[in-house]
Each structure stands twice: as structure tokens, then as C-alpha cells.
Amino acid sequence: MEKGLFIVFEGLDGSGKSTQIDQLIRYMEAQGHQVWPTAEPTGLPTGKLLRQVLGGGGNTDPAYLAGLFLADRVAHNTDPEQGIGQILEQGVSVISDRYYYSSFAYQGMDTDLEWVMNMNLRSPAIRRPDLCIFLDVDYRTCKERIDGRKGKLEIFEKNAETLARIRDKFFEVFHLLKGQENIRIVSADRPMEEVTREIFGLVNEMIAQ
Ligand code: TYD
């Protein structure tokens, strides 16, 4: 059986990842592919701990966060029932809302970037995605969307300057990974249908390979 594709979506909080992921799932399923949507932080015990930490109030040390996200990512890859490896082997494609690029940008801006990159990229348990799609949306638009949602803000959602710094860090990391990873930046300050069409095109290229 052919292995599934492993696709990751990245972007700032409020960049519209979930909407685009929903569209892509429908599109791929209509073409006869089986798709498994997933996300980080995961719904596994490590991910639940992360949600608590991201809620604020406790230890938000960036190295501690980087370690927790690493553990959650290893669990995400290796879980015997819902692990990415297991799912791909069954011929099902995996679409993840965030992956290690988020650790590089969010934790890399506050602690040692090289350390964060090395421990993720050198881990034998952490798979490299076939494609990473970065939805690039103006940080001010993201902030407006975050503020329009109900509920308490997580630690990285609190101010627009933080979002701008995270975007800069994503671009620094993409530059460092040039030639090693399949990262595609999609400008998403456009009508939703145009963005969706571009994403379908990128995924079709992968399927055709
Ligand atoms: P997410 O639920 O995707 O937030 P949103 O739906 O608002 O985009 O992600 C939760 C938060 O966790 C988000 O602020 C980014 C952060 N994060 C990291 O700091 N490092 C990581 O490795 C990951 C995967 C997420």
C-alpha cells in the first residue's frame, strides 16, 4: 500500500489555518484520498498539559515550553493508535495544524533557536513533513481575529508586537531550512477562494509526483 502524504499548516494565531485545512480535507476526500486531520498541541496527555501552560499563570519559561512541545511531538509521531507514523502506514494522508516550525518560531524567539531546531530535527522519532504550507497574513489582521474570538487569550495571543516577532522568526527559520524542506509560503491576505485554489494547486503537485 502506498504511504499517505504528510502535510503541515503553519501561520500566526488567527491566520485562518483551520478554515483552509477544512477546505483541503474536503477536496482531498472528494478525490478519493483518506485524510486524518490532527494538530499540535495534541489531544494526548502532553498536549493537555501544554494547553494548561499556554493558558498562562504557571511556568512559561521558553526552554520548558520547548521541551514540552518536543515531548508532545514525539508522542504525536509514535502514539500506537493515533500516531502520525501509524496513520501514514495505513495509506492515509495526515494534515497537521502546526508542527516543529511553530517550536522554531515561538520558542526559538525566546530561547536558543539552534538548540530547539537540533532537538527536533535530529530526533529519530520526529518525521519530516512532505509539505509545509505557511499562511502569511498581516499580524494586525491576525490580532483583530484573535480579539474577535470568545474566551481567554493564550500567552502568545496577547499583543500585536509579539505576533510580528513570531512572523519574523518564521521567515528566519524558513531561510535556514532552504533546500532541506518543502516549505511554501501562501499569501493569505486575499479572498478565501483564491487562497484555497493556490493550496489545492500545491497539493496536486505533490500528489502528481
Ligand atoms: P493553536 O491552537 O494552533 O492556536 P491557534 O488556533 O490560535 O492558531 O496553537 C496554540 C499555541 O501554541 C499557539 O499560540 C502557538 C503555540 N505553539 C508553540 O508555541 N510551539 C509549538 O511548537 C506549537 C505546536 C504551538
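# A guided look at one loop, one helix and one sheet

Guide: Welcome! We begin at Asn-159, which sits in the loop between helix H7 (139-148) and H8. Please keep in mind that this is a predicted model.

Visitor: Why is Asn-159 called partly exposed?

Guide: Its relative accessibility is 31%. Buried means under 20% and exposed means over 50%, so Asn-159 counts as partly exposed.

Visitor: And what makes the link between the side chains of Asn-159 and Thr-162 a polar contact?

Guide: The two side chains are joined at 2.8 Å, and the cut-off for such a pair of N or O atoms is within 3.5 Å. The side chain of Asn-159 also reaches the backbone nitrogen of Glu-161, at 3.3 Å.

Visitor: Where is Thr-162, and how do you know whether Thr-162 is buried or exposed?

Guide: Thr-162 belongs to helix H8 (residues 160-176). Its relative accessible area is 15%; the limit for buried is under 20%, so Thr-162 is buried. Setting aside neighbours within four places in sequence, Thr-162 is in contact with Met-109 and Phe-156.

Visitor: Let us move to helix H3. How do you know that its span agrees with its number of residues?

Guide: Helix H3 covers residues 62-78, which is 17 residues. The expected span is 1.5 Å times one less than the number of residues, so H3 should span 24 Å. Its end C-alpha atoms are 24 Å apart, which agrees.

Visitor: What caps the N-terminal end of H3?

Guide: That is Asp-61: one of its side-chain oxygens lies 3.0 Å from the backbone nitrogen of Ala-63.

Visitor: Which elements do the buried residues of H3 pack against?

Guide: Those buried residues include Leu-65, Phe-69 and His-76. Among their partners are strand S2 (35-39), helix H4 (84-89) and helix H6 (113-121).

Visitor: Now the sheet. What makes S2 and strand S5 (183-187) edge strands?

Guide: Five strands form an open sheet in the order S2-S3-S1-S4-S5, with parallel pairing. S2 and S5 each pair on one side only. On average, neighbouring strands of this sheet are turned by 20° against each other, direction ignored.

Visitor: How do you know that strand S1 and strand S4 pair?

Guide: Strand S1 (residues 6-11) and strand S4 (residues 131-136) share five bridges in the parallel sense, and at least two are needed for strands to pair. Glu-10 stands opposite Phe-134 in S4.

Visitor: Which strands does helix H1 lie across?

Guide: Helix H1 (residues 17-30) lies across S1, S2, S3 and S4, and runs at about 160° to S1.

Definitions and conventions: Residues are numbered from 1 along each chain as its sequence is written. This is a predicted model: local features need pLDDT of at least 70, side-chain atom pairs count only at pLDDT 80 or more; totals for chains, interfaces and linings use all residues. Side-chain values use heavy atoms; hydrogens and water are left out. Helices (H or I, at least four residues) and strands (E, at least two) are DSSP runs, numbered from the N terminus. Buried means under 20% relative accessible area, exposed over 50%, partly exposed in between (1.4 Å probe, protein chains only). Contact means heavy atoms within 4.5 Å. A polar contact is a pair of N or O atoms within 3.5 Å; within protein, one must be able to donate a hydrogen and the other to accept it, and residues adjacent in sequence count only if both atoms are side-chain atoms. Axes are lines fitted to C-alpha atoms, for helices over the stretch in contact, and angles run from 0 to 180 degrees between N-to-C directions.
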